[in-house]
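Ready to get to know a new fold by working through it piece by piece? Grab a pencil and have a look at the picture first.

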Amino acid sequence: MRQIWIPRAGAPEVLELREAPDPTPGPGQVRVRVEAAGVNFADIMGRLGVYPDLPPMPVVPGYEFGGRVDAVGEGVDAGWIGKDVLGLCRFGGYSDVVCVRENQLTERPEGMSAEEGAAIPVNYLTAYQLVVVMGGLSAGETVLVHSAGGGVGIAATQLALHRGATVIGTASRGKHDFLRGLGVSHCIDYRSEDFVERVKEITNGRGVELVLDAVGGSSFKKSYRCLAPSGRLGMFGFSAAVAGKEKSLLSYLKGAAAMPWFDFNPVALMNGNKGVFGVNLGRMWGEPERVRGWLAALVELYREGVVRPKVDSTFPFEDAAGAHHRIQDRLNVGKVLLVSRRG
Ligand SMILES: NC(=O)c1ccc[n+]([C@@H]2O[C@H](COP(=O)([O-])OP(=O)(O)OC[C@H]3O[C@@H](n4cnc5c(N)ncnc54)[C@H](OP(=O)(O)O)[C@@H]3O)[C@@H](O)[C@H]2O)c1
């Protein structure tokens, strides 16, 4: 098999392609020939050495894939063999062969490509947890989605629109036309406009019922100010920790210092009628049945045409660095994937 390793923290070019014998599925495991593997912002933070959940280097990053089952381990129904699947893994996803437990997989419905399948797990499960499970977004409400043109942003927008909400999105200007086409009512170029002022303007001073913010740092404070009474702020990332392509702790420390460590105190929350919550899908491994249920709901929404994964670009395993550059250059509209030679 072929895998992409992060041998040490650094620029995208540190990513290294290595070959190893194909793994044999252990008891309870299923082996998948991967056609497409998802690239996530967390992998970039991991490569830069600012993602605390990543196991020590050298490490193979990656959380998700789409492909076909070619072998099963002891105790697993051989009926899996030959099935087209999508799945989640706890690191190790930048591989063209993976072995995972049966409950980390689901069959791809008819018509869903391996690429679409690989674009679903992390982005859509995170969006589902934010919009549906914890954000409780309902019809008639307005949501502010940061990085709306990214993988999670597009997923959250599709789910929010399906629930009858209005979407305001922040994104680099080049993505605005696409976002309007997707159904985003108002686009904000956060690099040249103050998003708090724009949100107040758009909502006639009232604010929004839900904000989804993975920029982090001082953005959390500003997002909190965008909330209307009864509004909720969902915090789920820290993109602001990444300022360049080389390892640097400075932007991480600056961003961490700008976090609202003391702003969300119980009295402020009660008097403001506001709520704050956090999401980290990577720490939901203790709740496999819950997450499986969400994935089943998302596959059903795919069948209904609500979940429509947008693949921005695909890169061969040899050019994993190109995939990281694309995201760090803020050029991606939707999901960036690694594809194997078989794909
Ligand atoms: N907690 C969780 O479980 C969870 C799960 C998935 C993702 N996340 C977080 O959600 C965020 C989005 O993830 P994603 O995988 O969907 O990535 P993505 O949004 O597809 O790609 C990154 C986009 O983020 C925007 N961005 C904002 N600050 C940036 C920076 N400092 N450097 C580069 N780009 C920046 C850029 O778009 P614009 O310039 O257009 O804004 C860029 O195109 C990340 O912070 C990620 O860590 C969290």
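Below are three exercises, each with a worked solution.

A quick note before we start: this is a predicted model, where local features need pLDDT of at least 70, side-chain atom pairs count only at pLDDT 80 or more, and totals for chains, interfaces and linings use all residues. Residues are numbered from 1 along each chain as its sequence is written, and side-chain values use heavy atoms, with hydrogens and water left out.

**Exercise 1.** Work out in which order the six strands of the open sheet lie, and which are the edge strands.

*Solution.*
- Start with the elements: helices (H or I, at least four residues) and strands (E, at least two) are DSSP runs, numbered from the N terminus.
- Next, pair up the strands; two of them pair if DSSP finds at least two bridges between them.
- Reading across gives S10-S9-S8-S11-S12-S13, with parallel pairing.
- S10 (186–188) and S13 (275–278) pair on one side only, and those are your edge strands.
- Now zoom in on S8 (residues 142–145) and S11 (residues 208–213): three bridges join them. Leucine 144 has valine 211 in S11 as its bridge partner.

**Exercise 2.** Find out which strands helix H4 touches, and how its direction relates to that of S8.

*Solution.*
- Contact means heavy atoms within 4.5 Å. By that rule H4 (residues 151–162) packs on the sheet and touches S8, S9 (166–170) and S11.
- For directions, axes are lines fitted to C-alpha atoms, for helices over the stretch in contact, and angles run from 0 to 180 degrees between N-to-C directions.
- H4 makes about 175° with S8.
- Try H6 (residues 195–202) too: this helix touches S8, S9, S10 and S11, and its direction makes about 165° with that of S10.

**Exercise 3.** Decide how helix H3 lies against H10 and against H4: perpendicular or oblique?

*Solution.*
- Angles under 35 degrees count as roughly parallel, over 145 as roughly antiparallel, 65 to 115 as roughly perpendicular and the rest as oblique.
- The axes of H3 (residues 121–134) and H10 (residues 288–303) come within 10 Å and cross at roughly 95°, so these two are roughly perpendicular.
- Among the residues making that contact are Tyr124 and Leu125 of H3 and Trp294 and Leu298 of H10.
- With H4, the H3 axis comes within 8 Å and crosses at roughly 50°, which means H3 is oblique to H4.
- Residues that meet here include Ala127 and Val131 in H3, and Ala155 and Leu159 in H4.
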